[in-house]
Amino acid sequence: MVDKLRLYISAASDLRFERDVLARAITEIPTSLGWTITQTPGADHEPDLEAVAQADFHLLILGSDIQAPVGLEWATARRAGNRVTLLYKSSALQTQAAQAFVREVARFGRWHAFADAFELRWRALRLLVDHILDNSTRYEIGSQEAEKLRIWRKTLDAQAREKKAVNDTRGGAEESAVILTTERFIPSEGKLLKSE
């Protein structure tokens, strides 16, 4: 049984806000599954290529320029044959290096353009929820949880039509994280915190 999904977000440091928005958005998905979210590290750290290779989802987000080690992370994911690779590129003007990278990667997958962090969040969450629903047997998602996910997805689409803005409060979620749920994970020590 799969209890935790592994997500790798490849994005350069100029996309800190988008990275933060995506990592926080994952916690909104009403699922009992846990998540391991690994992100492109800062320039002073090496990328976790093992995490890239083992990811269930690889989100590659491109802004106005391509920066190391995003290209290496892409090549690693491609060689590993990741289950799901999602390609997102900003609609902002791109450097020649970024344009060349877009053309190279387009040989292997389809890019999805996004205008802002809200649209990126909406596109990524839709695809992640659809994947969970399409693989509900593999993830042992019961009928009640599946229905909850379907209703939530409709709400997500309604919000997109209303063009609700993304909360601009920075939560520090642009770094790697592990998210667990009490439905599938019981802490052996420490204190369980519940939101009201």
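Okay, let's start with the nonpolar core. In this predicted model, the largest one has 35 residues. If you want to find the middle of the action on your screens, pick out Ile29, Trp35, Leu59, Ile61 and Ile132, which have the most contacts inside that core.

Who contributes? Four strands supply at least two residues each, namely β1 (4-11), β2 (34-39), β3 (57-62) and β4 (84-90). On the helix side, α1 (16-26), α5 (117-134) and α6 (143-162) do so too. The largest share comes from α5, with 9 residues.

Let me zoom in on Ile132 for a second. Leaving out residues up to four places away in sequence, Ile132 touches Leu5, Ile29, Leu33, Trp35, Tyr139, Ile141 and Leu149. And there's a second core, separate from that one, with 10 residues, including Val70, Leu87, Ala98 and Val102.

Now, helix α1. Why do we say that α1 is largely enclosed by the rest of the structure? Well, 9 of its 11 residues are buried, so there you have it. The buried ones are Phe17, Glu18, Arg19, Asp20, Val21, Leu22, Ala23, Ala25 and Ile26. Notice that Glu18, Arg19 and Asp20 are on that list.

Stepping back to the whole chain: we've got 6 helices and 6 strands. Reading from the N terminus, the order is β-α-β-α-β-α-β-α-β-α-α-β. There are 196 residues, and 45% of them are buried. Here's one I like: take the contacts between residues at least 6 apart in sequence, and 82% of those join residues at least 24 apart. As for the outside, the chain exposes about 10,900 Å², with carbon and sulfur atoms supplying 49% of it.

A nice single example is Thr76, which sits in helix α3 (residues 70-80). Buried or exposed, what does Thr76 count as? Its relative accessibility is 9%, and the cut-off for buried is under 20%, so Thr76 counts as buried. What does Thr76 touch, not counting residues up to four places away in sequence? Leu49, Val52 and Ala53. Thr76 and Leu49 are 27 residues apart in sequence, yet their C-alpha atoms are 6.7 Å apart in space.

Last stop, pockets. The second largest pocket holds about 210 Å³ of space. It's lined by 14 residues, and the closest to its centre are Ala12, Ser13, Pro41, Gly42 and Ala43. By class, that lining has 6 nonpolar, 4 polar and 4 charged residues.

Methods:
Residues are numbered from 1 along each chain as its sequence is written. This is a predicted model: local features need pLDDT of at least 70, side-chain atom pairs count only at pLDDT 80 or more; totals for chains, interfaces and linings use all residues. Side-chain values use heavy atoms; hydrogens and water are left out. A nonpolar core is a set of buried Ala, Val, Leu, Ile, Met, Phe, Trp, Tyr and Cys residues joined through side-chain atoms within 4.5 Å. Buried means under 20% relative accessible area, exposed over 50%, partly exposed in between (1.4 Å probe, protein chains only). Contact means heavy atoms within 4.5 Å. On a 1 Å grid over the protein atoms alone, a cavity is a set of points where a 1.4 Å probe fits but cannot get out, and a pocket is an open set with protein on both sides within 12 Å along at least five of seven lines; lining residues have an atom within 4 Å of a point. Grid points are joined across faces, edges and corners, and a volume is the space filled by probe spheres set on the points. Ala, Val, Leu, Ile, Met, Phe, Trp, Tyr, Cys and Pro count as nonpolar, Asp, Glu, Lys and Arg as charged, and the others, Gly among them, as polar. Accessible areas come from the Shrake-Rupley method with a 1.4 Å probe; for residues, only the protein chains shown count as cover.
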